[in-house]
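Welcome, and please take a moment to look over the sequence and the model below. We will walk through them together, one place at a time.

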Amino acid sequence: MVNRKVGIIGAGAVGATAAYSLSMMGVCKEIVLFDIVEGVAKGKAIDIGQSTHYAKRPTIITAADTSADVRDCDIVVITAGVPRKSDMTREDLLLINAKIIKSVVTDVMTYSPNAIIISVSNPLDVMTYVIHRMTGWSSNRIVGLSGALDGSRMAYQIYQKLGYGAGQTGTLVIGDHGQNMIPLPQKVQVGDVPTTDLLTDEEFAEIVERTKNGGAEIVGHLGTSGYYGPGRAIAHMVEAILNDSKIVVSSSVLLNGEYGYTDVTVGVPVILGKNGVEQIIEMTLDTKTRAKFKTSVESVREGIDILEKNGFFE
Ligand code: APR
């Protein structure tokens with residue numbers, strides 16, 4: 001990738017934090033921000049651009065006046081969407097965000113036809129599915145942020161229990177990026193030591209619960225959802241793709257027979273490299289985890305069905 005240009009559509013809290021993380025890491029040459037609300041992308045591009053004075057490597061941060069100016073990107077990150085308001089049902093939110101994604105994706109297809117898309121807007125797995133259906137692109141080119149974030153939240157919870165091993169902890173979370181996600185703390189290691197030698201069953205249960213509620217806990221304190229965790233996790237994925245690192249990270253991807261499912265998007269471990277999803281890794285799941293995975297897949301399918309019933313894909 002010669003230019004290493006990243007487009008970020010939706011310059012809200014998550015999109016801007018992803019841009020800031022990327023610029024501090026210095027992994028791309030250029031970042032272009034776009035937001036539907038006038039002034040947002042411009043203001044943040046200036047602010048982040050000025051912060052890059054102290055970064056290790058320069059990154060050019062620009063704001064696009066129109067979506068047509070987000071062009072020729074190697075990667076496009078989509079964080080555009082609206083948060084759920086008190087008078088909105090889950091179905092209302094789904095339809096509103098799906099419509100936003102539809103319009104955004106049409107522009108990405110026109111102006112960055114060779115990009116890899118990282119999908120971030122919620123409900124994550126369903127929005128990732130929408131992008132697959134809208135683009136019809138090869139499935140490796142579309143990848144949803146799920147396990148990179150949920151896994152970092154799980155590692156944080158493990159650290160809260162142990163008080164050591166920061167940065168040395170595995171991050172395995174599969175399933176949907178919602179209430180049916182499946183954190184697997186008992187499957188990871190801390191500094192190469194299996195967590196099963198370090199934590200009790202009660203502690204595992206608590207880690208699982210707190211990981212699942214990781215986003216809600218932040219909302220409880222802040223009144224708004226988190227953005228440092230998501231922003232940095234997006235940057236982790238972008239870096240892996242631009243550098244062709246071939247790291248293993250759980251992500252929401254379109255299954256085509258893997259784990260026994262087809263035509264649904266859900267979080268599983270994948271290898272991320274220059275082609276996006278280089279490979280889906282099929283882990284052996286025990287009976288209990290398989291049942292949880294089924295529930296998770298079904299919850300994503302419910303969302304897809306709502307869109308189908310409302311004629312969204314016609
Ligand atoms: N094109 C471009 N930007 C858009 C569009 C659109 N069609 N529609 C909405 N936006 C912008 C909004 O103006 C807003 O600035 O998307 C941005 C979303 O930012 P925030 O409301 O701050 O939400 P944020 O916390 O960043 O979350 C973004 O990521 O994690 C998910 O659930 C979260 O779906 C949400 C998304």
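How many nonpolar, polar and charged residues does the shell around the ligand have? By class, there are 10 nonpolar, 6 polar and 1 charged, where Ala, Val, Leu, Ile, Met, Phe, Trp, Tyr, Cys and Pro count as nonpolar, Asp, Glu, Lys and Arg as charged, and the others, Gly among them, as polar. Before going further, please keep in mind that this is a predicted model, in which local features need pLDDT of at least 70, side-chain atom pairs count only at pLDDT 80 or more, and totals for chains, interfaces and linings use all residues. Residues are numbered from 1 along each chain as its sequence is written, and side-chain values use heavy atoms, with hydrogens and water left out.

Let us stay with the ligand. It is surrounded by 17 residues, each with a heavy atom within 4 Å of it; the closest are Ala13, Val14, Asp35, Thr79 and Asn122. Helix H1 (13-25) and helix H3 (90-111) each supply at least two residues of this shell. Helices (H or I, at least four residues) and strands (E, at least two) are DSSP runs, numbered from the N terminus.

Some backbone atoms reach the ligand through polar contacts, that is, pairs of N or O atoms within 3.5 Å; within protein, one must be able to donate a hydrogen and the other to accept it, and residues adjacent in sequence count only if both atoms are side-chain atoms. A backbone N or O atom of valine 14 is 2.8 Å from a ligand oxygen, and a polar backbone atom of alanine 13 is 3.0 Å from a ligand oxygen. For glycine 81, the distance from a polar backbone atom to an oxygen of the ligand is 3.5 Å. On its own the ligand has 730 Å² of accessible area, and the protein covers 80% of that (by the Shrake-Rupley method with a 1.4 Å probe; for residues, only the protein chains shown count as cover).

Asn122 brings us to a feature of the backbone. A cis peptide bond joins asparagine 122 and proline 123, with omega at about -5°. Proline 123 sits in the loop between strand S5 (116-119) and H4. Elsewhere, in the loop between S11 and strand S12 (262-273), tyrosine 259 has a positive phi, near 60°. Most residues other than glycine have a negative phi, and most peptide bonds are trans.

Next come the aromatic rings. Rings of Phe, Tyr and Trp (its six-membered ring) pair if their centres lie within 6.5 Å; planes under 30 degrees apart count as stacked, over 60 as edge-to-face and the rest as tilted. The count comes to 5 aromatic pairs. One of them joins tyrosine 129 and phenylalanine 313 edge-to-face, at 5.9 Å centre to centre and 80° between the planes. Tyrosine 129 belongs to helix H4 (residues 124-135) and phenylalanine 313 to the segment after helix H9 (287-309), so the pair ties together parts that are 184 residues apart in sequence.

Finally, look at the lining of the second largest pocket. On a 1 Å grid over the protein atoms alone, a pocket is an open set of points with protein on both sides within 12 Å along at least five of seven lines, and lining residues have an atom within 4 Å of a point. The lining divides into 14 nonpolar, 10 polar and 3 charged residues. H5 gives the most to it, with 7 residues.
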